[in-house]
Amino acid sequence: MTSLKGKIITVVGSGLIGRSWAMVFLSGGYKVKIYDNEPGQASGAITEIRKQIEELQRAKMLRGNLTAAQQLSLLSSHDDLQQALEGAFFVQECVFEDLEAKHSVFHEVENLVTESVILSSSTSCLMPSNVFSCVQNRTRCIISHPVNPPYYVRLVELVPHPETLPAVMDVAYSLMTDVGQAPVRLSKEIDGFALNRVQYAIIAESWRLVQDGVISVKDIDLVMSEGLGMRYAFIGPIETMHLNAPEGMEDYLQRYTEGMKRVLNTFGPVPDFSGEPAARIVKEICELIPAEQQHLTVRRERRDQLLMELAKLKK
C-alpha cells in the first residue's frame, strides 16, 4: 500500500488513550486532529502531548524521523466534531468503555464523513458487532485495540466486525505498521480478543495459586518478571515451545503433551476475585510496596520508565 503519510487522522476522545494514539500517529508523520466534546479538553490534551513529546526528545526516545517541533506542527485540537473530521481518512475513537457512549460517537461520526472513511474503536473488551451495531455501513468498521501505554507497548489487535471488508483490515494493518506499531490480525471477533484472553488466563491461575496458599503475591510476580516474562518480552509462547525441545515443536509435543494435559486438568474454577482472598491479596500488595511509592501515579510513571527501557532493548 502507498504510504498515507501527511493524511489526516481524527482522534475522538482526548483522555490517556486518545493522547497516546495522537502521539503514535504524529510519530509516523500523519496530521492529527484531536476532538473532545468537553470544551477545552482537546486543547488541554495538546498541552500534555507537547510536554510528553518534548520530554521524549530530551530522553532520545522520540519515535519516528521528525523532531518534536515537526510532530507538534501536525497536531490540532477541536471542540467541533465536523471540523475535526474534515479531510480525515481514518477515525480512531477513544471514549470511555461504555457501549452507549460509543454508539453515540459513531452515530454522529457516520453522519459527517464519506463512505470511504474507516471507523476504528480502541475498545479493549466490547465486541465489534456490539460497538458498531448502530452504524449503517459496517463494512468499514474495525477494532484497533492498543496496549497501555501504546507509545511503548506497540501491539495493536485488529479485530473485524463480521461485515468488515478485507481491504479495510489491510489499510488498518498498513497504517499501524507505518507508524511503528506491531499489528496482529484476528480473523473473527471473540470475547476478550487475543491479548486479554491470554492475560486473564495468567491472572486466573496466579490468583488461584495465591488464594490456595501455594505461593505468595511477591513470588508469583517473580515467576513472571524473572521467569516467563523474560522470555515472553522477546519470543512468544509458541516459539518458546519450539525452542524448548532439541528437535523443535514436534519433539516438544511428544515430550510434554501428557504433562501439560495432566497439569491443565488440575486447574480450578474461575475465581470470583472477591471476599477474604481478595482482601488478603490487597493487604499483601500494600505491604510489598513502600509507602512513598503507593500512589498509583508514581507506580504508573515507574511502569512507563521500565517499558521505555525495554523498548530501547528491543530496538
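**View 1. Two domains make up the assignment of this predicted model.** Domain 1 covers residues 8-185. Domain 2 covers residues 195-314. Taken over C-alpha atoms, their centres lie 30 Å apart. Domain 1 brings 12 residues to the contact, and domain 2 brings 8.

**View 2. Domain 1 packs against domain 2 with about 850 Å² buried between them.** The size of an interface is often given as the accessible area lost when the parts come together. Here, carbon and sulfur atoms account for 69% of the buried area. On the domain 1 side, three residues stand out: Met61, Pro149 and Tyr152. Together they supply 51% of the area that domain 1 buries against domain 2, more than any other three residues. The count of salt bridges between the two domains is 0.

**View 3. A cis peptide bond joins Asn148 and Pro149.** Omega of this bond is about 0°. Pro149 sits in the loop between β6 (141-146) and β7 (155-160). Pro149 is also one of the three residues, with Met61 and Tyr152, that supply 51% of the area domain 1 buries against domain 2.

**View 4. Phe193 has a positive phi.** The value is near 55°, in a residue other than glycine. Phe193 belongs to the loop between β8 (182-185) and α8 (195-211). In the domain assignment, domain 1 ends at residue 185 and domain 2 begins at residue 195.

**View 5. The second largest pocket holds about 680 Å³ of space.** Its lining counts 21 residues. Closest to the pocket centre are Glu48, Gln52, Tyr152, Glu301 and Asp304. Tyr152 appears in View 2 as well, among the three residues that supply 51% of the area domain 1 buries against domain 2. Three elements give two or more residues each to the lining: α1 (16-27), α2 (41-58) and α13 (296-314).

**View 6. Both domains line the second largest pocket.** Domain 1 and domain 2 each provide at least three residues of the lining. The largest share, 7 residues, comes from α13. By class, the lining has 8 nonpolar, 5 polar and 8 charged residues. Glu48, Glu301 and Asp304 are among the residues closest to the centre of this pocket.

How values were computed
Residues numbered from 1 in each chain as written. Predicted model: local features only at pLDDT ≥ 70, side-chain atom pairs only at ≥ 80, totals over all residues. Heavy atoms only, no water. 1 Å grid on protein atoms, 1.4 Å probe; cavity = no way out; pocket = protein on both sides within 12 Å on 5 of 7 lines; lining within 4 Å. Points joined across faces, edges and corners; volume = space filled by probe spheres on them. Helix = DSSP H or I, 4+ residues; strand = E, 2+ residues; numbered from the N terminus. Nonpolar A, V, L, I, M, F, W, Y, C, P; charged D, E, K, R; others polar. Domains from an automatic or database assignment. Contact = heavy atoms within 4.5 Å. Buried area = accessible area lost by both parts, 1.4 Å probe. Salt bridge = Lys/Arg side-chain N within 4 Å of Asp/Glu carboxyl O.
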